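Let's take a relaxed walk through a protein model, going from its surface to its inside and on to its charged pairs. Have the structure open as you read.

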Amino acid sequence: MLKFVVIALAAFIMWKLFSGDQKKKQDTAGKNFEKKVKTGEMVKDPICGAYVPKDGDIRVRNGEKVECFCSYECRDKYIKRLEADGGE
């Protein structure tokens with residue numbers, strides 16, 4: 001019986017150590033993401049609202065403004081929207 005209690009206690013301690021470490025990593029990642037958004041390193045995709053790196057590969061220049069996109073799908077939707085607005 002004592003052996004079972006010791007094993008259960010050791011398992012509980014290990015679980016607390018690992019779960020605490022994961023929570024710390026998630027908190028740190030969240031803070032880093034918020035910092036990047038505030039400093040302008042991450043910008044919002046104008047179509048779907050996802051945050052993407054400002055220096056990402058999928059970009060479209062609209063006059064002086066450069067828009068960044070999360071995917072080619074979002075970029076294509078944006079271009080179609082520009083063409084529709086420009087054609088009227």
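## Out on the surface

Tryptophan 15 is exposed, with a relative accessible area of 52%. Keep in mind that this is a predicted model. You'll find tryptophan 15 in helix H1, which covers residues 2-39.

Tryptophan 15 also has company: Leu9, Phe12, Ile13, Met14, Leu17 and Phe18 join Trp15 in a nonpolar patch on the surface. Put together, the residues of this patch have about 790 Å² of accessible area. In soluble globular proteins, nonpolar side chains tend to be buried together.

## Inside the core

Which residues make up the largest nonpolar core? There are 5 of them: Ile58, Val60, Phe69, Cys74 and Tyr78.

Take a look at cysteine 74 in particular. Leaving aside residues up to four places away in sequence, cysteine 74 touches Asp45, Ile47, Cys48 and Phe69. Phe69 is a fellow member of that core.

## A hairpin of two strands

Now find strand E3 (residues 59-62) and strand E4 (residues 65-68). The two run antiparallel, and 4 bridges join them. For one pairing, start at arginine 59: its bridge partner in E4 is cysteine 68.

E3 and E4 make a hairpin, with 2 residues sitting between them. Glycine 63 is in the turn, and it has a positive phi of about 70 degrees.

## Two salt bridges

How many salt bridges does the structure hold? The count is 2. Side chains of opposite charge can pair when their charged atoms come close.

One salt bridge links glutamate 67 with lysine 65, and their closest N and O atoms are 3.3 Å apart. Are these two partners buried or exposed? Glutamate 67 has a relative accessible area of 10%, so it counts as buried. Lysine 65 has 53%, so it counts as exposed.

In the other salt bridge, the side chains of arginine 75 and aspartate 76 meet, at 3.0 Å from N to O. Arginine 75 is partly exposed, because its relative accessible area is 24%. Aspartate 76 also counts as partly exposed, at 34% relative accessibility.

## Measuring across the chain

Glycine 56 sits in the loop between strand E2 (51-53) and E3. Is glycine 56 buried or exposed? Its relative accessibility is 17%, and the cut-off for buried is under 20%, so glycine 56 counts as buried. Between glycine 56 and glutamate 67 there are 10.0 Å from C-alpha to C-alpha, and the two are 11 residues apart along the chain.

For another pair, go back to helix H1, where threonine 39 has its place. Threonine 39 is exposed, with a relative accessible area of 52%. Its C-alpha atom is separated from that of lysine 65 by 18 Å, and these residues are 26 apart along the chain.

Conventions
Residues numbered from 1 in each chain as written. Predicted model: local features only at pLDDT ≥ 70, side-chain atom pairs only at ≥ 80, totals over all residues. Heavy atoms only, no water. Patch = residues over 30% accessible without salt bridge, like charges linked within 9 Å, V, L, I, M, F, W, Y side chains within 5 Å. Areas by Shrake-Rupley, 256 points an atom, 1.4 Å probe, with all protein chains shown as cover. Salt bridge = Lys/Arg side-chain N within 4 Å of Asp/Glu carboxyl O. Buried < 20%, exposed > 50% of the residue type's maximum accessible area, 1.4 Å probe, protein only. Core = buried A, V, L, I, M, F, W, Y, C linked by side-chain atoms within 4.5 Å. Contact = heavy atoms within 4.5 Å. Pairing = 2+ DSSP bridges.
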